[in-house]
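Please open the model in your viewer and follow the stops below in order, selecting each element as it is named.

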Amino acid sequence: MTGSSDEGPTALGVSVCFVCYGNICRSPMAQALFEDRVRRAGLDSRISADSAGTSREHLGEQPHIGTRLQLQRMGIRFHHTARPLLPRDGQIYAHLLALDSAILAQIRSTGLSQARLLMEYAPDARVLDVPDPWYTGDFQETACLVGPAVEGLLSAIRREHGW
């Protein structure tokens with residue numbers, strides 16, 4: 001289901017791209033958690049997901065070991081290679097979701113005005129910016145914040161499309 005190829009996501013009904021700075025911590029975790037929820041809901045033939053970074057600093061790297069270990073603890077298998085957000089992503093993805101307000105501002109400064117904060121989908125969200133575990137070292141906190149947000153996103157997509 002991962003839409004990480006050079007061709008973008010497959011021709012599915014809804015495409016989602018999660019965006020953070022380097023595409024090795026928060027956005028791949030959000031992608032993996034979202035894909036897991038989509039798969040469990042039986043909607044992987046209708047929804048595709050990808051993730052990207054606003055920086056090219058980690059281009060081609062796999063997710064941070066902290067992200068991989070957190071996903072492993074949660075029983076989620078995930079493979080991803082970091083890539084930059086591209087101008088064409090605004091045309092490919094129905095949903096561009098930033099992990100914090102600084103990333104959102106960067107995305108919007110490139111003309112991709114449809115971008116939103118992922119945490120807007122979290123019910124009872126206490127924060128709108130997901131702290132970067134690259135700095136905090138708390139990958140569990142990231143998963144705890146992102147989990148309800150991706151569930152809220154999936155619910156919103158299901159309502160929108162009558163699934």
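How many bridges join strand β1 to β2, and do the two run parallel or antiparallel? Select residues 14–20, which form β1 in this predicted model: seven bridges join this strand to β2, and the two strands run parallel. To see one of these pairings, pick Cys-17 and then its bridge partner in β2, Asp-50.

Next, keep β1 in view and add β3, residues 95–98, which pairs with β1 in the parallel sense over four bridges. Here the residue to select is Val-16, whose bridge partner in β3 is His-95. Moving on from β3, you come to β4, with which β3 pairs over two bridges, again in the parallel sense; Leu-97 has Arg-116 in β4 as its bridge partner.

While β3 is selected, show its side chains: His-95 and Leu-97 point one way from the strand, whereas Leu-96 and Ala-98 point the other way, and all of these residues are buried.

Now display the four strands together, and they make up an open sheet in the order β2-β1-β3-β4, with parallel pairing. The strands at the edges are β2, residues 47–53, and β4, residues 116–117, and because each has a single partner strand, one side of each is left without a neighbour in the sheet. Add helix α6, residues 139–161, which packs on this sheet and touches β1, β2 and β3, its direction making about 155 degrees with that of β1.

Stay on α6 and select Glu-151, which lies in this helix. Is this residue buried or partly exposed? Glu-151 has a relative accessibility of 40%, and therefore counts as partly exposed. If you also select Arg-46, which is 105 residues away from Glu-151 along the chain, you will find the C-alpha atoms of the two separated by 16 Å.

The last stop is helix α2, residues 65–73, whose axis comes within 9 Å of that of α6 and crosses it at roughly 60 degrees. The two helices are therefore oblique to each other, and their crossing is right-handed. To inspect the contact itself, select Gly-66, Thr-67 and Gln-70 in α2, which meet Phe-139, Gln-140 and Ala-143 in α6. By class, this contact of α2 with α6 has two nonpolar and four polar residues, with no charged residues.

Terms used: Residues are numbered from 1 along each chain as its sequence is written. This is a predicted model: local features need pLDDT of at least 70, side-chain atom pairs count only at pLDDT 80 or more; totals for chains, interfaces and linings use all residues. Side-chain values use heavy atoms; hydrogens and water are left out. Two strands pair if DSSP finds at least two bridges between them. Contact means heavy atoms within 4.5 Å. Axes are lines fitted to C-alpha atoms, for helices over the stretch in contact, and angles run from 0 to 180 degrees between N-to-C directions. Buried means under 20% relative accessible area, exposed over 50%, partly exposed in between (1.4 Å probe, protein chains only). Angles under 35 degrees count as roughly parallel, over 145 as roughly antiparallel, 65 to 115 as roughly perpendicular and the rest as oblique. A crossing is left-handed if the near helix is turned anticlockwise from the far one by less than a right angle, and right-handed if clockwise. Ala, Val, Leu, Ile, Met, Phe, Trp, Tyr, Cys and Pro count as nonpolar, Asp, Glu, Lys and Arg as charged, and the others, Gly among them, as polar.
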